[in-house]
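Student: I would like a close look at one helix and at how it sits within the rest of the chain. Please begin with the whole and then work towards the detail.

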Amino acid sequence: MVKLKDSRVAILGVAIDNLTMAQVLHAVEDKIAEGGFHQIATANVDFLINSAHDEELHEILCRCDLVLADGMPLVWASNLMGTSLKERVAGADLVPQLARLSAQRGYRIFLLGSNEVSSAGAATWMENCFPGACIAGRYCPEHQPLEKMNHEEILTRIEAARPDILLVAFGNPKQEKWLAMHRHRLKVPVCIGVGGSFDLLSGKISRAPAWMQRHGMEWLYRTIQEPTRLAKRYARNAAGLLRYLPVQLVAMGMQSKRRSDAQITKDISGTATVLRVDGDLTGTPLPEFEAEVRSAVLTGSHVVLDMSNTGYIGADGLGSLIYATNVARSWKRELWFTGLNRFTAWLVSSALLRRDYRVAPVVAEALRRIEPELTPVLQHGEDWAFCRIGGVLIPIHYQEVPELYRQVHLLNEKVTVSPTPTIWPGDYGKDPLTHRLPPIGVGREESTGADNATWTQYSGPPATVNG
């Protein structure tokens, strides 16, 4: 039984998570409890237009753990596409709610970026409005291009503060790229680019009245305040929307909707899993579809999507396709689209997904073109062997196995809809990363290759992982 999950709505190639503010805050607490690194983006039209021309930014947004709708035009666009976003979740509204959570739960917040006046003012506002809010640190580095910043100094300050939440106010796309650049170094559970939120909280810039926010006119209010900086940006964004959005809307409307939920069937063919999608890829079948893709990828399989009998792909279906391509790319697996008719092919192209997938006319052609994996000549010692991780063979000492369990658990949590209890036998503690682990099978790869390896059971005592 697949656990239902809130959908994603794809707008101009970016999957926006369809969440309310309450759901976002619940997700933030889950990620803090999980630990590790999670990146959240608060996307508006500027993000989407920038990502249409910037492949690096587009990839970063696709890899984010959450992408929130920070802008009423995104909500309106989702309505036109037939899969409405529940509400706008603006960064300027999210930051005060995080301060409230900090006061209630003791979460540590670090403010990075903006300027000293705005940063200090935002920290003071949080502490005054939410007594007990824990501001673990602040730092406003000199305004420089990304490649010239003193990254080590910034990271050292953050590490010393040990925050649970990192708010980065460098502006888009710099803040998203800075976080992605240091995703393997940052040990902060929740990292969010918040743009000009510090300026608003500090009072340096006043926010539009509530009625203007509700009616999507906040851009006009801000343009009046900062015409030199914002008028050109908003004009460029409007031109970008007029260029890209109508094409996606027309392409969606040209599809033939059967009004029947897609049936997902699976076949294994060598190193690939073929998933056939019969019916409309929207709504109820999406959790099952994502679960099948994830399951195939995590078992080391490439994925071929047979969409020859797919009549309709909704905006939420496009969001699931973005999820599928991201999971495959993260684990270095290939994902192929086959059997697209002219209308679904046009939709996928108009939705700016063309950079993220490979296409073949039929399944057989995709299977033929999947790159073969080379098997190196392998070696092993008395107390180490090779472990296949994401399709790559990594030498590992048996004493490192508990840490490997922990890392695999974290990665599995990031890509699963709901964890499968049978994956981790043993007693669970209150800390989700503290498990009583079973004896671990350490594989010794002989020269015959990974598929014919000799596996030796590690008979040592069960290891305990303290996350």
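Among contacts in the chain between residues at least 6 apart in sequence, what percentage join residues at least 24 apart? With that as background, please examine helix α2 (residues 45-53): how many of its nine residues are buried?

Tutor: The model is predicted, and what follows should be read in that light. Of the contacts between residues at least 6 apart in sequence, 71% join residues at least 24 apart. The secondary structure of the chain comes to 17 helices and 20 strands. Of the 467 residues in the chain, 52% are buried. The accessible surface is about 21700 Å², and carbon and sulfur atoms account for 54% of that area.

Helix α2 is mostly covered, with eight of its nine residues buried. These are Val45, Asp46, Phe47, Leu48, Ile49, Asn50, Ser51 and Ala52. The list includes the polar residues Asp46, Asn50 and Ser51 as well as Val45 and Leu48. At the start of α2, a side-chain oxygen of Asn44 comes to within 3.1 Å of the backbone nitrogen of Asp46.

Asp46 also takes part in a contact with another helix. Its side chain makes a polar contact of 3.4 Å with the side chain of Asn237, a residue of helix α12 (residues 227-253). Asn237 counts as buried because its relative accessible area, 5%, is under the 20% cut-off. Leaving aside residues up to four places away in sequence, Asn237 touches Val45, Asp46 and Ile49; these three residues are among the buried residues of α2. In helices of this kind, the turn sets which positions share a side. An α-helix has 3.6 residues a turn, so residues three or four places apart point the same way.

The contact of Asn237 with α2 can be set beside other links in the chain. The structure holds 20 salt bridges. One of them joins Glu290 and Arg8, with the closest N and O atoms 2.6 Å apart. Glu290 lies in helix α13 (residues 286-298) and Arg8 in strand β1 (residues 8-11), so this pair ties together parts that are 282 residues apart in sequence. Both partners fall under the 20% cut-off for buried residues: Glu290 has a relative accessibility of 5%, and Arg8 has a relative accessible area of 10%.

Strand β4 (residues 66-69) offers a further example of contacts between parts of the chain, through Leu66. Leu66 is buried, at 7% relative accessibility. Leu66 and Asn18 are 48 residues apart in sequence, yet their C-alpha atoms are 9.6 Å apart in space. Beyond residues up to four places away in sequence, Leu66 touches Asp17, Leu19, Ala27, Lys31, Gln39, Ile40 and Ala41.

Further along the chain, Glu226 takes part in two salt bridges. In one, its partner is Arg222, and the closest N and O atoms are 3.8 Å apart. In the other, the partner is Arg229, at 3.1 Å. Glu226 counts as buried because its 19% relative accessibility is under 20%. Arg222, at 22%, counts as partly exposed, and Arg229 is also partly exposed, at 43%. Elsewhere, salt bridges that share partners join Asp70, Arg88, Asp93, Arg207 and Glu218 into one network.

Glu218, a member of that network, belongs to helix α11 (residues 218-225). Glu218 is buried, with a relative accessibility of 12%. The side chains of Glu218 and Arg88 are joined by a polar contact of 3.1 Å. Not counting residues up to four places away in sequence, Glu218 touches Arg88, Arg207, Ala208, Met212 and Gln213.

Disulfides play no part in this picture, since their count comes to zero. As for individual cysteines, Cys129 is partly exposed, with a relative accessible area of 40%, whereas Cys191 is buried at 0%.

To return to your request, α2 is a helix with eight of its nine residues buried. Asn44 reaches the backbone nitrogen of Asp46 at the start of the helix, and the side chain of Asp46 makes a polar contact with that of Asn237.

Key:
Residues numbered from 1 in each chain as written. Predicted model: local features only at pLDDT ≥ 70, side-chain atom pairs only at ≥ 80, totals over all residues. Heavy atoms only, no water. Helix = DSSP H or I, 4+ residues; strand = E, 2+ residues; numbered from the N terminus. Buried < 20%, exposed > 50% of the residue type's maximum accessible area, 1.4 Å probe, protein only. Polar contact = N/O pair within 3.5 Å; in protein donor to acceptor, adjacent residues only side chain to side chain. Contact = heavy atoms within 4.5 Å. Salt bridge = Lys/Arg side-chain N within 4 Å of Asp/Glu carboxyl O. Disulfide = S-S within 2.5 Å. Areas by Shrake-Rupley, 256 points an atom, 1.4 Å probe, with all protein chains shown as cover.
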